[in-house]
Amino acid sequence: MTTPPATFSDPDAQRQFDQQGFVVFRGLARDHVPDLRALYHETHDTTAPSVDLPDLVAPDAWKTQTNPGASFAIGVDEADEATRIRIHEGLQPVWRRIFAEHLTGHRALLMSFLMKWPGEFSALPLHQDPTIVDERRYRSLTVWIPLVDTSVALDNGPLYVIPGSHTAGDEARGTGTSPTYYEFFDQLWPLAVPIEMQAGDGLWFDSRILHGSPPNRSGEPRLAVGTAIAPTEANLVHAMARPDGDVDLLSVDDDFYRTMSPRQLTEHPPAGMPVADTIPMKTRPYTPAAVAAGAAAYGRADRSSRRAKVL
């Protein structure tokens, strides 16, 4: 495995990103928040979905689920092609400015608004983002920007991450893959830390980091926007499990991730695409001890090294 090229132009941000798998930039897109909210209202049905709720739900049941709750909406899952193009055109100038200022040479791929409607069924389970580059050579990431303030006090489903979990294992993530950490879900949430943010702050995180969010119990919608990011020079891949237990890294282009949604990839697995390489599914499986070690290192760090990067 080769050392991936730097992600951030700021050495301090890069150091923090390498060590804990995420970095927060305060005020990253604060000036864009009104326009981003307007774009959401222009391109989405802003009516909360009707959810058929069971009579009794255990208080912590959401912590062990593997699928997003019915009141969590990934915008691109519902959008038609014309709407996706409009979202892409509306978001691209924002990413172009931000990337030029803070990244070393990257492009935006899958872009989406992320709505967490109020209610117990709006949780996002702990998960990793898909493998979109050959991670033996490159690193991909996500930028997540809340368009409202998020915090534990507001109880509106702030994003949580498990620090250091991006290096705790080495497994491909894509169509038909089954992550090892599903086997010890009950041990993960106590290791996660909330990232409390104001509208327009930016959270950058490694695609491999474990992250998720509890239900939004605030009574108000929690809206955010995010995009998957890859180095400009990297060829894109999509991981697809094979019957023999290995994983094919399918060779895909930028349009694949600009037009496909997570739900589409689940319901309609890609077929007939060239295979760039075949790799073991679990070169280095995740273990509770490995994930806990990264979180413990974060907890031992002094306050200055833990402080989020501020613009």
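This passage describes selected strands, buried residues and salt bridges of the structure. The model is a predicted one.

Strand β10 spans residues 202–206. The strand is mostly covered, with 5 of its 5 residues buried. Both of its faces are covered. On one side lie G202, W204 and D206. On the other side lie L203 and F205. In a regular strand the side chains alternate between the two faces of the sheet.

Two strands that pair with β10 were examined. Strands of a sheet pair through backbone hydrogen bonds, either parallel or antiparallel. Strand β1, residues 22–25, pairs with β10 in the antiparallel sense. That pairing runs over 4 bridges. Within β10, G202 stands opposite F25. Strand β5, residues 141–146, also runs antiparallel to β10. Here, too, 4 bridges join the two strands. F205 of β10 stands opposite T142. G202 and F205, both buried, lie on opposite sides of β10.

A further sheet is open and contains 4 strands. Their order is β8-β13-β14-β15, and the pairing is mixed. The edges are formed by β8 (174–175) and β15 (275–280). Each edge strand has a single partner strand, so one side of each is left without a neighbour in the sheet. Strand β14 covers residues 246–252 and pairs with β15. The two are antiparallel and share 5 bridges. One bridge partnership is that of V247 with I279 in β15.

Two threonines outside these strands are also buried. T150 sits in the loop between β5 and β6 (160–161). Why does T150 count as buried? Its relative accessibility is 1%, and the term buried applies to values under 20%. Leaving aside residues up to four places away in sequence, T150 touches W144, N156, P158, I195, E196, M197 and R222. T7 belongs to the segment before α1 (11–20). T7 is buried, with a relative accessible area of 1%. With residues up to four places away in sequence again left out, T7 touches Q14, F17, H102, L103, T104, H106, R139 and L141.

Side chains of opposite charge can pair when their charged atoms come close. The structure holds 17 salt bridges. One of them joins D18 and R139, with the closest N and O atoms 3.1 Å apart. This pair links distant parts of the chain. D18 is in helix α1, whereas R139 is in the loop between β4 (124–127) and β5. The two residues are 121 residues apart. D18 is partly exposed at 34% relative accessibility. R139 is buried at 11%. R139 is also among the residues that T7 touches.

A salt bridge also connects R86 and E42, whose closest N and O atoms are 2.7 Å apart. It likewise links distant parts of the chain, 44 residues apart. R86 lies in helix α4 (residues 81–102) and E42 in helix α2 (residues 33–43). R86 is partly exposed, with a relative accessible area of 30%. E42 is partly exposed at 48%.

D244 and R242 form another salt bridge. Their closest N and O atoms are 2.9 Å apart. D244 is partly exposed, with a relative accessible area of 47%. R242 counts as partly exposed at 31%. Finally, a network of salt bridges links R107, D254, D255 and R258.

Methods: Residues are numbered from 1 along each chain as its sequence is written. This is a predicted model: local features need pLDDT of at least 70, side-chain atom pairs count only at pLDDT 80 or more; totals for chains, interfaces and linings use all residues. Side-chain values use heavy atoms; hydrogens and water are left out. Buried means under 20% relative accessible area, exposed over 50%, partly exposed in between (1.4 Å probe, protein chains only). Two strands pair if DSSP finds at least two bridges between them. Contact means heavy atoms within 4.5 Å. A salt bridge is a side-chain nitrogen of Lys or Arg within 4 Å of a carboxyl oxygen of Asp or Glu.
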